[in-house]
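I opened this notebook page to record what I looked up in one chain. The sequence and the coordinates are placed here first.

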Amino acid sequence: MGIRQRSARDARATMADVARRAGLMREEAERFLVAVVEELALGREVRLPLLGFFTVRVQPRRTVCSSLFERPIVVSERRVVSFRGSKALAARLNEREARG
């Protein structure tokens, strides 16, 4: 037997997959994620110690050059979510690589 090739499906997990692995019902996981989104919508930072933290920041109005229309286009100011992974997450990710 050779090394099994990973498919694109093997490389991602759905919310239901993660909920099942954590011993939660999909609805419980969904309620948690809705609560996270609601906090972000209120402009609050959400810290998940083993994962990282999400913050909302304002991306200022800017002018970009459109290759389609060949003229400058103004992109209005908007709020975007930023994510910064925790040290615990980085350590766990790099632990796998170190083991080979």
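The entries below go from the whole chain to its sheet and then to one helix.

Entry 1, the model. I note at the outset that this is a predicted model.

Entry 2, the elements. I counted three helices and five strands in the chain. Following the sequence, I read their pattern as α-α-β-β-β-β-β-α.

Entry 3, burial and surface. I looked up how much of the chain is buried: 11% of its 100 residues fall in that class. For the exposed surface I recorded about 8,900 Å², of which 56% comes from carbon and sulfur atoms.

Entry 4, contacts. I considered the contacts in the chain with a separation of 6 or more, and found that 33% of them are between residues 24 or more positions apart.

Entry 5, the sheet. Which order do the strands of the open sheet take? I found three strands in the order 1-2-5, with antiparallel pairing. At the edges I placed strand 1 (46–48) and strand 5 (78–85), each of which pairs on one side only. On average, neighbouring strands of this sheet are turned by 25 degrees against each other, direction ignored.

Entry 6, one strand pair. I then examined strand 1 with strand 2 (residues 52–59) and noted antiparallel pairing over three bridges. For Leu48, I identified Gly52 in strand 2 as the bridge partner.

Entry 7, a helix on the sheet strands. I located helix 2 (residues 26–41) across strand 1, strand 2 and strand 5. Relative to strand 1, I recorded that helix 2 runs at about 140 degrees.

How values were computed. Residues numbered from 1 in each chain as written. Predicted model: local features only at pLDDT ≥ 70, side-chain atom pairs only at ≥ 80, totals over all residues. Heavy atoms only, no water. Helix = DSSP H or I, 4+ residues; strand = E, 2+ residues; numbered from the N terminus. Buried < 20%, exposed > 50% of the residue type's maximum accessible area, 1.4 Å probe, protein only. Contact = heavy atoms within 4.5 Å. Areas by Shrake-Rupley, 256 points an atom, 1.4 Å probe, with all protein chains shown as cover. Pairing = 2+ DSSP bridges. Axes fitted to C-alpha atoms, helices over the stretch in contact; angles between N-to-C directions.
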